[in-house]
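Let's take a friendly tour of a protein model. Have a look at the sequence and the structure, then read on.

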Amino acid sequence: MNELDRVFEQVSHYFALLAEPTRLKILHALCDGEKPVGAVVETVGSSQANVSRHLNAMFRSGVLARRKEANLVYYAIADQSVVELCRTVCVQVAARIEDDAQQVAMVDRFMPTEPKRRGASPRKTGGAGAVR
């Protein structure tokens, strides 16, 4: 059971990372490709300090990739499984909230299944959360 305990511990940390609405908004903002911090802040509608704190936590966990160019820091999704997981859950929750095709269609746009890539390609992560 020790091996399973380690897996469960890691999965628990993974879900804890996603248990913050601001982090879901950040994923949504980055679904169509890499963006500088300022653009993420504008899309999320929170303070730069708050968004930066969440971006850093998501980067440290391997969910996001980061690169610097001159004075700007760009973030992109590094672990596509996070987007797939969030999209699946959001579609299910939206369907339960209101059994309306329009509501589900709105969530379909939330996290596109094929995000566009801009600039440098994000790094892939290893381990339990890695995909593609």
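## Getting started

Helices here are DSSP runs of at least four residues, numbered from the N terminus. Keep in mind that this is a predicted model.

## Helix α1 and a nonpolar patch

Let's begin with helix α1, which covers residues 2–17 and includes Phe-15. Is Phe-15 buried, partly exposed or exposed? Its relative accessibility is 46%, so Phe-15 counts as partly exposed, since that class lies between the 20% limit for buried and the 50% limit for exposed.

Phe-15 also belongs to a nonpolar patch on the surface, with an area of about 590 Å². Its partners in the patch are Met-1, Leu-4, Val-7, Phe-8 and Val-11.

## The nonpolar core

Now let's go inside. The largest nonpolar core has 21 residues, and the members that touch the most others are Ile-26, Leu-27, Leu-55 and Leu-64. Two or more core residues come from each of α1, α2 (21–30), α3 (37–44), α4 (48–60), β3 (72–77) and α5 (80–97). Helix α3 gives the largest share, with four residues.

## Lys-35, a buried lysine

Where is Lys-35 found? This residue sits in strand β1, residues 35–36. Lys-35 counts as buried because its relative accessible area is 11%, and the cut-off for buried is under 20%.

Which residues surround it? Leaving out residues up to four places away in sequence, Lys-35 touches Ala-29, Leu-30, Val-40, Val-73, Tyr-74 and Tyr-75. Of these, Tyr-74 is 39 residues from Lys-35 in sequence, yet their C-alpha atoms are 5.3 Å apart in space. Ala-29 offers a polar neighbour: its backbone oxygen lies 2.6 Å from a polar atom of the Lys-35 side chain.

## Salt bridges

Side chains of opposite charge can pair when their charged atoms come close. How many salt bridges does the structure hold? There are three. One joins the side chains of Lys-35 and Asp-32, at 2.2 Å from N to O. Asp-32 is partly exposed, because its relative accessibility is 30%.

Arg-67 meets Glu-34 in another salt bridge, at 2.8 Å from N to O. This pair links distant parts of the chain, 33 residues apart: Arg-67 is in strand β2 (residues 64–69), and Glu-34 is in the loop between α2 and β1. Arg-67 is partly exposed at 22% relative accessibility, whereas Glu-34 is buried at 9%. Arg-67 also bridges to Glu-69, at 2.7 Å from N to O, and Glu-69 is partly exposed at 41%. Glu-34, Arg-67 and Glu-69 are thus linked in a network of salt bridges.

Definitions and conventions: Residues numbered from 1 in each chain as written. Predicted model: local features only at pLDDT ≥ 70, side-chain atom pairs only at ≥ 80, totals over all residues. Heavy atoms only, no water. Patch = residues over 30% accessible without salt bridge, like charges linked within 9 Å, V, L, I, M, F, W, Y side chains within 5 Å. Areas by Shrake-Rupley, 256 points an atom, 1.4 Å probe, with all protein chains shown as cover. Salt bridge = Lys/Arg side-chain N within 4 Å of Asp/Glu carboxyl O. Buried < 20%, exposed > 50% of the residue type's maximum accessible area, 1.4 Å probe, protein only. Core = buried A, V, L, I, M, F, W, Y, C linked by side-chain atoms within 4.5 Å. Contact = heavy atoms within 4.5 Å. Polar contact = N/O pair within 3.5 Å; in protein donor to acceptor, adjacent residues only side chain to side chain.
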